[in-house]
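Here is a walk through one protein model, taken in short steps. Keep the sequence and the 3D view side by side while reading.

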Amino acid sequence: MKRLVIVGGGYGGLKILQDMLDGGLPKDVHITMVDRNPYHSLKTEFYAIAAGTKADREVRIDFPEHDQVDYVFGEVMEINIQNQHIVVREHTDPVPYDDLVIGLGCEDNYHGIQGAPEYTQSVQTFKKARKAGYEVGNLNAHGKVAVVGAGLSGIEVASEIRESRPDLNIRLLDRGETVLRPFDPKIQEYVEDWFKRNDVEVIHHANVEYVERDGVCNNGICFVNDVTIWTAGVRPNQLVRALPFEKDPQEKIIINDYYQVPEQPNVYIVGDCASSNYSPSGQLAGQQGEHIAAILLALYNGKEPDKPKEIKLKGSLGSLGKSDGFGNMMQKPVTGLLPRLAKSGVLWLHRRH
């Protein structure tokens, strides 16, 4: 019996599992999925959990059931490459593997800023997004919220909180000259205007020096604050960073054309932990997962796997509340209701699949 272990049930890990089950998994292969939660969670919607505009059940999906698949739920404590097993908290026996897929995702990058890990909220895990939502939801009228970081996550968090709580004072700290630096100027201007119209203060050229329990200190000025949410960068999971494999400048593991670690070909990397020319996204992880599933199915059926096709992303979509949005569609910048509806459609399809 060949033992495949998938560590991480995110977009990439789930896609691998689904495609292998749909693609005719050989009877002598057993799959174990390891995840901290007993469900797949829609990470791209965690901002809505933080804002209190969606219930938990709306952003989670049950894992598929199959007689060749079992699940181990708990926090991964160690990836033991030498002995080829995974150690999971509250599980006595390690989980052994013959082939391993690592898709543990990312965590906040605090850039060494004092107080940021202790005094900011996060949207990087379901548990942390829930906590952020609890803190925001319990604020008194006219409470103060600061969102550090004006990338896609920061924009969606700030706009969703504004729609959820019109009474709150919201401040967005942006390190650059404009929000959403990787996006088209048309989108940047549209989003900046949305924040002006909706009374969200945007501070450009921000340089957060340290964070306190009740404030953020930026460029020598300390803002009194009730809740601070950190969306100012990510890095691969700490367990992945600790592995003895070659990494790129972003601390992601360098892989070959078949998503294998060159030093350890029975180890595959998917999603935010894999070195790539593209920015992390659920869409990217899903395509990588599709490729890895095809490779593994070929190998398990005694065939030479085809070299995966080039990744082709369909664009990026973001929301500004429930009825406005932005994105790149068909390689063109689009703003307004259309991209917001498109994002809802993508999520609906993902849940249905």
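Is E45 buried or exposed? The model is predicted, and in it E45 has a relative accessibility of 1%, so E45 counts as buried. The cut-off for that class is under 20% relative accessible area. K54 has 21% relative accessibility and therefore counts as partly exposed. The side chains of these two residues, K54 and E45, meet in a salt bridge, with 2.6 Å from N to O. This salt bridge thus joins a partly exposed lysine to a buried glutamate.

Side chains of opposite charge can pair when their charged atoms come close. The structure holds 18 salt bridges, and a second one to look at is formed by the side chains of R171 and E201, at 3.2 Å from N to O. R171 belongs to strand β12 (residues 169-173) and E201 to strand β13 (residues 200-203), so this pair ties together parts that are 30 residues apart in sequence. R171 counts as buried because its relative accessibility is 16%, while E201, with a relative accessible area of 40%, is partly exposed.

What separates R197 and D193 along helix α6? The two residues are 4 apart in this helix (residues 185-197), which means that about one helical turn lies between them. Their side chains meet in a salt bridge of 2.8 Å, N to O. D193 counts as partly exposed, at 37% relative accessibility.

Some salt bridges share partners, and in this way E45, K54, E156 and K343 are joined into one network. The K54 and E45 pair, at 2.6 Å from N to O, can be found again there.

The last stop is a sheet. Which order do the strands of the open sheet have? The order is β6-β7-β8, 3 strands with antiparallel pairing. β6 (76-80) and β8 (95-96) each have a single partner strand and stand at the edges, so one side of each is left without a neighbour in the sheet. Strand β7 (residues 85-88) runs antiparallel to β8 and is joined to it by 2 bridges. To find this pairing in the 3D view, start at H85, which stands opposite P96 in β8.

How values were computed: Residues are numbered from 1 along each chain as its sequence is written. This is a predicted model: local features need pLDDT of at least 70, side-chain atom pairs count only at pLDDT 80 or more; totals for chains, interfaces and linings use all residues. Side-chain values use heavy atoms; hydrogens and water are left out. Two strands pair if DSSP finds at least two bridges between them. A salt bridge is a side-chain nitrogen of Lys or Arg within 4 Å of a carboxyl oxygen of Asp or Glu. Buried means under 20% relative accessible area, exposed over 50%, partly exposed in between (1.4 Å probe, protein chains only).
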